[in-house]
Amino acid sequence: MPILVVRHGEAMPSHGNDEERVLSLRGRDEVRAIASALSLRGMVPTTILASPLVRAVQTAELLAQGLGYAGLVTVDRAIEPHGDALRAEHLLTSAPGLVVAVTHEPFVRVITARLTGQASVKSFRTAECALIDGGRVVLRLDPDTA
């Protein structure tokens, strides 16, 4: 059961409510680049989960579009910036097929470390992703290397 963890694309600066920050134009381009690179590798998700923060939902929707995903994006508070790692792990490992989770720093590092049994992992840039399969990271892409 492969799991793709993704940090949301670059967002606009906060003007009050952090949860409502939207993706910048650059952030949208970053996500499209990642989606294209993943699509070229034949990745088609069976489930896409997103943090409820607007920038994560927008990232998930762009990924869904770029990867030909016809299902609904599921929003879950377990993968917010300071989410519930135990619940998130259960959500990600209980679904069949390729599961995509769009989240934030620092949680993207927390869940990646948890799924791979590592004490810690390197920070994620905006729109960077890691494919975890068999308890190890088998692919890591950022918008510049995609």
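In the predicted model, helix α4 is followed by G117, a residue with a positive phi near 70°. The helix itself spans residues 107-116, and seven of its 10 residues are buried, which leaves α4 mostly covered. The buried positions are F107, V108, I111, T112, A113, L115 and T116. Their cover is drawn from several parts of the chain, including strand β1 (3-7), helix α3 (85-94), strand β4, strand β5 (129-133) and strand β6 (136-141). In an α-helix there are 3.6 residues to a turn, so residues three or four places apart point the same way.

A second positive phi occurs in the loop between α4 and β5, where A127 is located. The phi of A127 is near 65°, and this residue is not a glycine. A127 has a relative accessible area of 2% and is therefore classed as buried, the cut-off being under 20%. A127 also appears among the contacts of E30, a residue of helix α1 (residues 25-40). With a relative accessible area of 4%, E30 is likewise buried. Beyond its neighbours within four places in sequence, E30 is in contact with G9, E10, T126, A127 and P143.

At the level of the whole chain, four helices and six strands are assigned. Their order along the sequence is β-α-β-α-β-α-β-α-β-β. The radius of gyration of the chain is 14 Å, which agrees with the value near 15 Å for a compact globule of 146 residues. The C-alpha trace spans about 40 × 30 × 30 Å along its principal axes. Of the 146 residues, 51% count as buried. The accessible surface comes to about 6,900 Å², and carbon and sulfur atoms contribute 52% of this area. Among contacts with a separation of 6 or more, 65% are between residues 24 or more positions apart.

Strand β2 (residues 47-50) is covered on both faces. T47 and L49 lie on one side and I48 and A50 on the other, and all four of these residues are buried. In a regular strand, side chains alternate between the two faces of the sheet. Strand β2 runs parallel to strand β4 (residues 99-103), to which four bridges join it. Strand β2 also pairs with strand β3 (residues 73-75), again in the parallel sense, over three bridges. A50 takes part in both pairings: its bridge partner in β4 is V102, and its bridge partner in β3 is V75. The connection from β2 to β3 includes helix α2 (residues 54-66), and the three elements make a right-handed β-α-β unit.

Helix α2 contains V54. This residue is partly exposed, with a relative accessible area of 28%. Apart from residues up to four places away in sequence, V54 touches E19, E20, R21 and V22. The C-alpha atoms of V54 and L23 are 8.1 Å apart in space, although the two residues are 31 residues apart in sequence.

The loop between β4 and α4 includes H104 and P106. The relative accessible area of H104 is 1%, so this residue is buried under the 20% cut-off. A polar contact of 2.8 Å links the side chain of H104 to that of S51. When residues up to four places away in sequence are left out, H104 touches R7, H8, S51, L53, R55, A56, I79, E80 and P81. One of these contacts, R55, belongs to the residue range of helix α2 (residues 54-66); another, R7, belongs to that of strand β1 (3-7). In the same loop as P106, a cis peptide bond joins E105 and P106, with omega about 5°. Helix α4 (residues 107-116) then follows, and F107 is among its buried residues.

Terms used
Residues numbered from 1 in each chain as written. Predicted model: local features only at pLDDT ≥ 70, side-chain atom pairs only at ≥ 80, totals over all residues. Heavy atoms only, no water. Buried < 20%, exposed > 50% of the residue type's maximum accessible area, 1.4 Å probe, protein only. Helix = DSSP H or I, 4+ residues; strand = E, 2+ residues; numbered from the N terminus. Pairing = 2+ DSSP bridges. Right-handed = clockwise from strand over helix to strand, strands pointing away. Contact = heavy atoms within 4.5 Å. Polar contact = N/O pair within 3.5 Å; in protein donor to acceptor, adjacent residues only side chain to side chain. Rg over C-alpha atoms; globule rule 2.2 N^0.38 Å. Areas by Shrake-Rupley, 256 points an atom, 1.4 Å probe, with all protein chains shown as cover.
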